[in-house]
Amino acid sequence: MSDFWRLEQLERITGGQWLVAPADPAAAATGLSHDTRTLAPGQLYLAVRGENHDGHRFVEAALSAGAAAAIVSDDAALGPGPVLQVDDTVAALHELASAYRDELAKDGRCKVLAVCGSNGKTTTRHLLHHVLTACGFVGTQSPKSFNNHLGVPLTLLSADPAHDFVACEIGTNHPGEIASLSELVWPDAAIVTSIGREHLAFFKNLEAVAQEEATVLGFVRRGGLVVTPASAAAAMMPFYDVAEGVTLLPLRDDAAVAGPFPLPGQHNRMNAALAGAVAQWMGAPADRVAAAWPDADLPPGRLELKRFGQNVTVLDDSYNANPDSVRAALDTLAATDHSTSRRVAVLGEMKELGSASHAAHAEVADHARRRADMVVLIGEAFGAEPYDENTAPDVAARLQPGDLVLLKASRGVRLERIVPEIENRFGPPGPDDRA
């Protein structure tokens with residue numbers, strides 16, 4: 001175990017003071033967790049105070065479950081074990097992650113890979129992990145969409161210096177977030193998946209989005225790589241700021257991986273091409289990269305194919321949405337091979353678009369009517385009824401045997417709640433349903 005995790009070292013990094021001192025300051029933890037549900041014995045427990053929950057309430061439970069120590073900001077949060085008090089536990093998390101990035105850089109074996117962009121971050125990070133693993137590299141990745149001020153440092157701290165890589169997803173919804181997170185990550189290579197109309201309530205226009213996403217380029221280490229679609233490269237060009245020796249690799253917007261590829265949509269072929277470029281930069285032979293793609297899959301809620309009885313098929317893309325990702329999903333719906341019955345687009349409203357909301361919702365509704373045989377709109381931004389307890393059964397009742405159904409909305413709509421109702425109506429796939 002690295003000296004990094006020694007309790008006395010953690011005290012020095014965070015500048016904290018022991019409320020309950022460890023019996024052996026030289027003892028080492030095995031990592032860090034902020035969730036008692038997944039805490040493993042020997043890990044540190046970080047008490048985080050959020051909008052809905054206060055982790056300080058669980059300090060005693062964490063220490064009783066075998067945590068090596070707890071890091072708190074509340075001097076009343078005690079338990080049967082060492083407790084280190086800091087001014088701000090999230091700031092302490094960032095200090096630990098920054099120090100751990102230096103630890104990873106000591107011999108340079110574990111490459112830190114960043115995935116940014118308006119759309120497709122989670123899918124691309126997932127595909128990056130897939131192709132690197134298939135090519136014989138060993139590493140870790142962000143669990144789920146750990147791409148914010150908590151998730152990024154937690155991902156970094158979960159990396160093993162003996163591994164080949166850690167893939168970090170970096171997100172933003174306010175100006176300056178990518179800079180603050182990139183300052184922790186200092187990636188050896190970065191992917192910028194796209195520049196699109198995300199969080200326009202805060203970024204106002206596409207140029208501001210491009211400026212924000214381009215921020216990561218200034219943190220890529222010397223000798224590193226930035227790979228991005230050509231259209232995104234052009235949008236970010238006014239904001240380029242890269243270290244000497246960093247390679248900028250724009251891929252044609254129609255780039256696609258070689259050979260069989262099981263995932264729907266041209267945008268996923270691009271995501272895979274971006275991941276494959278990083279894999280080859282890591283040293284993977286092109287033929288091994290190509291051989292990895294037939295076994296690729298998608299994370300939950302990202303064009304996830306779900307089959308039900310009576311040949312009803314759902315493309316569950318309900319995890320999140322902005323105008324560009326909705327258009328891409330609708331294009332995928334239209335292009336998906338489906339010879340029977342109808343293509344149905346079920347669209348929930350898109351959040352955080354500010355003054356662009358009305359025009360954006362009108363645009364995607366119009367695009368949906370050109371791409372689908374039936375369109376169901378949900379939410380006041382579409383001029384429709386909001387999601388309520390009747391929405392799921394009403395949508396399911398409008399479907400017919402053989403329908404191909406797209407579900408797409410911002411995360412706050414939780415459109416995936418419709419899926420169980422579709423299953424209740426049509427049942428599981430039977431032997432006569434399409435394979």
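# Chatting about cysteines, salt bridges and surface patches

Biologist: Let's start with Cys110: is it buried or exposed?

Modeller: Cys110 counts as buried, at 1% relative accessibility. Keep in mind that this is a predicted model.

Biologist: Okay. And Cys168, buried or exposed?

Modeller: Cys168 is buried too, with a relative accessibility of 0%.

Biologist: How many disulfides does a search of the whole structure find?

Modeller: Zero disulfides turn up when the whole structure is searched.

Biologist: Remind me, what is a disulfide?

Modeller: It's a covalent bond between the sulfur atoms of two cysteines.

Biologist: Then why is there no bond for the sulfur of Cys110?

Modeller: Because the closest cysteine sulfur, the one in Cys168, is 8.7 Å away, and that is too far for a bond. A disulfide needs its two sulfur atoms within 2.5 Å. Looking from the other side, Cys168 has Cys110 as its closest cysteine sulfur, again at 8.7 Å and too far for a bond.

Biologist: Got it. New topic: how many salt bridges does the structure hold?

Modeller: There are 21 salt bridges in the structure.

Biologist: Let's look at a few. Which residue forms a salt bridge with Arg252?

Modeller: That's Asp254, and the closest N and O atoms of the pair are 2.7 Å apart. Arg252 is exposed, at 61% relative accessible area, while Asp254 is partly exposed, at 46%.

Biologist: What about Lys306, which side chain does it meet in a salt bridge?

Modeller: Lys306 meets Asp316, with 2.8 Å from N to O. This pair links distant parts of the chain: Asp316 belongs to strand 13 (residues 313–317) and Lys306 to strand 12 (residues 304–307), ten residues apart.

Biologist: Is Asp316 buried or exposed?

Modeller: Asp316 is buried, with a relative accessible area of 2%. Its partner Lys306 is partly exposed, at 22%.

Biologist: One more pair, then. Where does Asp331 find its salt bridge partner?

Modeller: Its partner is Arg371, with the closest N and O atoms 2.8 Å apart. Here the bridge links distant parts of the chain, since Asp331 sits in helix 12 (residues 323–335) and Arg371 in helix 13 (residues 357–371), 40 residues apart. Asp331 is partly exposed, at 32% relative accessibility, and Arg371 is partly exposed as well, at 31%.

Biologist: Which residues are joined into one network by salt bridges that share partners?

Modeller: Arg197, Asp324, Arg327 and Glu363 are joined that way.

Biologist: Cool. Over to the surface: which residues gather in a patch of negative charge?

Modeller: Five names to look up in the viewer: Glu380, Glu385, Asp388, Glu389 and Asp394. Asp394 is part of helix 14 (residues 391–398), and it is partly exposed, with a relative accessible area of 47%.

Biologist: And which residues make the nonpolar surface patch?

Modeller: Met237, Tyr240, Val242 and Leu248 make a nonpolar patch of about 320 Å². You'll find Met237 in the loop between helix 9 (230–236) and strand 11 (247–251). Met237 is exposed, at 53% relative accessible area.

Biologist: Speaking of loops, where does Pro80 lie?

Modeller: Pro80 is in the loop between strand 4 (69–72) and strand 5 (83–85). Pro80 is exposed, with 54% relative accessible area.

Biologist: How many residues apart in sequence are Pro80 and Gly66?

Modeller: They are 14 residues apart in sequence, and their C-alpha atoms are 9.4 Å apart in space.

Biologist: Last topic, backbone angles. What phi does Trp186 have?

Modeller: Trp186 has a positive phi of about 40 degrees, even though it is not a glycine. Trp186 sits in the loop between helix 6 (177–185) and strand 9 (189–192), and it counts as partly exposed, at 33% relative accessibility.

Biologist: And what phi does Gln310 have?

Modeller: Gln310 has a positive phi of about 60 degrees, and it is not a glycine. Gln310 is in the loop between strand 12 and strand 13. At 40% relative accessibility, Gln310 is partly exposed.

How values were computed. Residues are numbered from 1 along each chain as its sequence is written. This is a predicted model: local features need pLDDT of at least 70, side-chain atom pairs count only at pLDDT 80 or more; totals for chains, interfaces and linings use all residues. Side-chain values use heavy atoms; hydrogens and water are left out. Patches are made of residues with over 30% relative accessible area and no salt bridge: like charges are joined within 9 Å, nonpolar side chains (Val, Leu, Ile, Met, Phe, Trp, Tyr) within 5 Å. Accessible areas come from the Shrake-Rupley method with a 1.4 Å probe; for residues, only the protein chains shown count as cover. A salt bridge is a side-chain nitrogen of Lys or Arg within 4 Å of a carboxyl oxygen of Asp or Glu. Lys and Arg count as positive and Asp and Glu as negative; His and the chain ends are not counted. The place of a charge is taken as NZ of Lys, CZ of Arg, CG of Asp or CD of Glu. Helices (H or I, at least four residues) and strands (E, at least two) are DSSP runs, numbered from the N terminus. Buried means under 20% relative accessible area, exposed over 50%, partly exposed in between (1.4 Å probe, protein chains only).
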